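Me: I have a structure open and want to learn how to read it. Can you take me through some features, one at a time?

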Amino acid sequence: MTDTVLTARRGPRSVVVGGMGVLSAFGRGVEPLLGAALAGRAGFGPVGRFEVAGRRVDRAALHPGEPSLERELDRVVDEACGAAGLSAARRAGCPLYLAVHGDPALARAAPVRRAEHAVEAFAAGVARRAGLAGGGRAYTSGCTASADAVADAASAVARGRAERVVVAAGYLVEADQFAVFDAGGALARDGRVRPFSAGRTGLLLGDGVAAVVLESADAARARGAEPLAVLAGWGRAGDAHHVCRPRPDGAGLARAVGAALLRGGVGPERVGYVNAHGAGSVLGDRAEAAALLRALGPVAERVPVSSSKSVHGQALEAGALLELVVTVAALRAGRLPVNAGLLGPDPECPLHLVRAPDPVGPPTGPVAPGSPGGFALSLSTAFGGANTALLVGVP
Amino acid sequence: MSAAGPSALADPDPWRAAADLGLRVLAAGRWPESGADAAPPVLPGFTGSSFSPLAAEAARRCLDAHASGPGAALPVTAVVVASALGDVAGAAQVARAVDGGDRLGPLLFFQAVPNAVAGHLAARRGLTGPVVCVGGVRSGFEVAEVLLADGDAELALLVLVEQAAGPGGADRAAAVLLALQEHCPTHRQLEGARP
């Protein structure tokens, strides 16, 4: 299996991030999330939102109260469109790509009412309330779902099929997914997510609702908007290995990274930061380290790597978009999110992990992520051997 | 882009949907195919729901019908799973167990997302392209077209699966193996494009 999808191609238009909106365990908006990521301040605590008696693990990273997925999606889409300065008329021509597990009401709907809860009808509802174009496409590929939505939106904009696309995603920790992850033994028994660390025991779930406006650089320029970042490249590849375990040699994820770099016309030496998938699982983190070594070569030993899941947890279908928001915000700040929860090195994960908060001052790293020409990768993997890589740079 | 509901599978016309997007159908398979398909197939490792077994069986029939024949190595092939309701039987089963305070089996863990059966297919048939799951038939064809046109895969296996939404409905699945139509101008213009 070759490490690069040499056939990866894209349309000629440059794709930019025009606006972002987010909710996380740290509150609403980008600033509290970025603050926690840069400080390495984990947001995990006891779950009070639903019954966890009888579960092996009782922790997650939760926004206070009982937020509603529909309302929070409406809010982040509005925040992203507002930040991008989109008028109602521009919104009306803009499609929505939404990543969610499904309509939250489906599993408990009476059988005769289930057909009303199709996931694209749910997406169409979000689009309608936000004043976006009709329809609504839904992505349901687990932890890579929102990266798929970003990649397809980027492809459409790059090819000139759409001037802009709103990509949104949401997961709010709830009893059903918590129960199946607990039953599968996937949750961290010690109540912390410790990506790439010795002694890591698994993942923890976290709230994440996010939206970004992806548009052509020309469209942003034409209305005088200043883009937040360039979405320079994107890549996807499969493991062909197992129903839910990652391919140990990381070849699938390495091909996704290779395709993203190829589309961006960027060599590994220009990557200044990697926001890894880094779920905190024993096998997944090891395979991801192998993938980075394979895809980036010698650069992998010195490029700063962290998994922001170590502070905000795993937001499933929304995870990739939440982490893209963190990555773009960090890139703009010129500072690196901390890989929190480290107990000690794992020799099978020989990565240059971001161990402590950057001193406030000039950006650090081999290519300072906030400097011109600096790029950052945001990686995601999912069951079924799905792998995605998103490459962002400063405009 | 339409929110194609379960009815879209009742009489899918994959050839027309594919042709509209500049794609050709290399092979197709479905379940049920005939009266012989009375009981849902069994898929080891998957439990309590017909979703993954039906998807796997329709895909197997499709790939076995491909000209290269069963067992032949395929080029880089994407797996796209499209379903309006997803594994609704599995989701309802989990909800009942959670509400009743029952223990859940560990197999339900990975079955909670449609990627699981895509991973099963990919591992079994050596399909190394992207794995993507979407909520409708039209979206499935559009995503397959993007993956093929952008060179992420040479072929795309699109699996459409819906369980009965309500009483009296029937579980069904269909699969098509897709490739770009040759000499399609929309796809050719992307060769070597860079911003």
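Reply: We go from the whole chain to the chain contact, then to single residues. Keep in mind that this is a predicted model.

Me: How many helices and strands are in chain A?

Reply: Chain A has 11 helices and 14 strands. Its radius of gyration is 19 Å, close to the 21 Å that the globule rule gives for 395 residues, so chain A is as compact as a globular protein of that length. Along the principal axes, its C-alpha atoms fill a box of roughly 50 × 50 × 45 Å.

Me: What percentage of the residues in chain A is buried?

Reply: Buried residues account for 67% of the 395 in chain A. Look at sequence separation too. Take the contacts in chain A between residues at least 6 apart in sequence: 81% of them join residues at least 24 apart.

Me: Now the two chains. How many residues of each are in contact?

Reply: An interface's size is often given as the accessible area lost when the parts come together. Here we count residues instead. In this model, 64 residues of chain A contact 58 residues of chain B. On the chain A side, H6(A) gives the most, with seven residues. Other elements there supply at least two residues each, including helix H5 (145-158) and strand E9 (229-238). By class, that side has 31 nonpolar, 21 polar and 12 charged residues.

Me: How do I describe two packed helices?

Reply: Use the angle between their axes and the distance between the axes. Try helix H6 (residues 175-183) of chain A and helix H3 (residues 88-100) of chain B: their axes come within 9 Å and cross at roughly 90°. Angles of 65 to 115 degrees count as roughly perpendicular, so H6(A) and H3(B) are roughly perpendicular to each other.

Me: Which residues meet there?

Reply: From H6(A) come Ala175(A), Asp176(A), Ala179(A) and Val180(A); from H3(B) come Val94(B), Ala95(B) and Val98(B). By class, this contact has six nonpolar residues, no polar ones and one charged.

Me: What should I look for in the backbone?

Reply: Most residues other than glycine have a negative phi, and most peptide bonds are trans. Look for exceptions. Ala240(A) has a positive phi of about 50°. It sits in the loop between E9 and H8 of chain A. Leu316(A) has a phi near 45°, and lies in the loop between helix H10 (309-312) and helix H11 (319-333) of chain A.

Me: Is Leu316(A) buried or exposed?

Reply: A residue is buried if 20 or more other C-beta atoms lie within 10 Å of its own. Leu316(A) has 29, so it is buried. Ala240(A) has 25, so it counts as buried too.

Me: Where is the cis peptide bond?

Reply: In chain B, from Trp31(B) to Pro32(B), with omega near 0°. Pro32(B) is in the loop between strand E1 (23-31) and helix H2 (51-65) of chain B.

Technical notes:
Residues are numbered from 1 along each chain as its sequence is written. Chains are lettered from A and ligands numbered from 1 in the order in which they are written. This is a predicted model: local features need pLDDT of at least 70, side-chain atom pairs count only at pLDDT 80 or more; totals for chains, interfaces and linings use all residues. Axes are lines fitted to C-alpha atoms, for helices over the stretch in contact, and angles run from 0 to 180 degrees between N-to-C directions. Helices (H or I, at least four residues) and strands (E, at least two) are DSSP runs, numbered from the N terminus. Angles under 35 degrees count as roughly parallel, over 145 as roughly antiparallel, 65 to 115 as roughly perpendicular and the rest as oblique. Two residues are in contact if their C-beta atoms, placed from the backbone, lie within 7 Å. Ala, Val, Leu, Ile, Met, Phe, Trp, Tyr, Cys and Pro count as nonpolar, Asp, Glu, Lys and Arg as charged, and the others, Gly among them, as polar. The radius of gyration is taken over C-alpha atoms; the globule rule is 2.2 Å times the number of residues to the power 0.38. A residue is buried if 20 or more other C-beta atoms lie within 10 Å of its own, exposed if 12 or fewer, and partly exposed in between; C-beta atoms are placed from the backbone.
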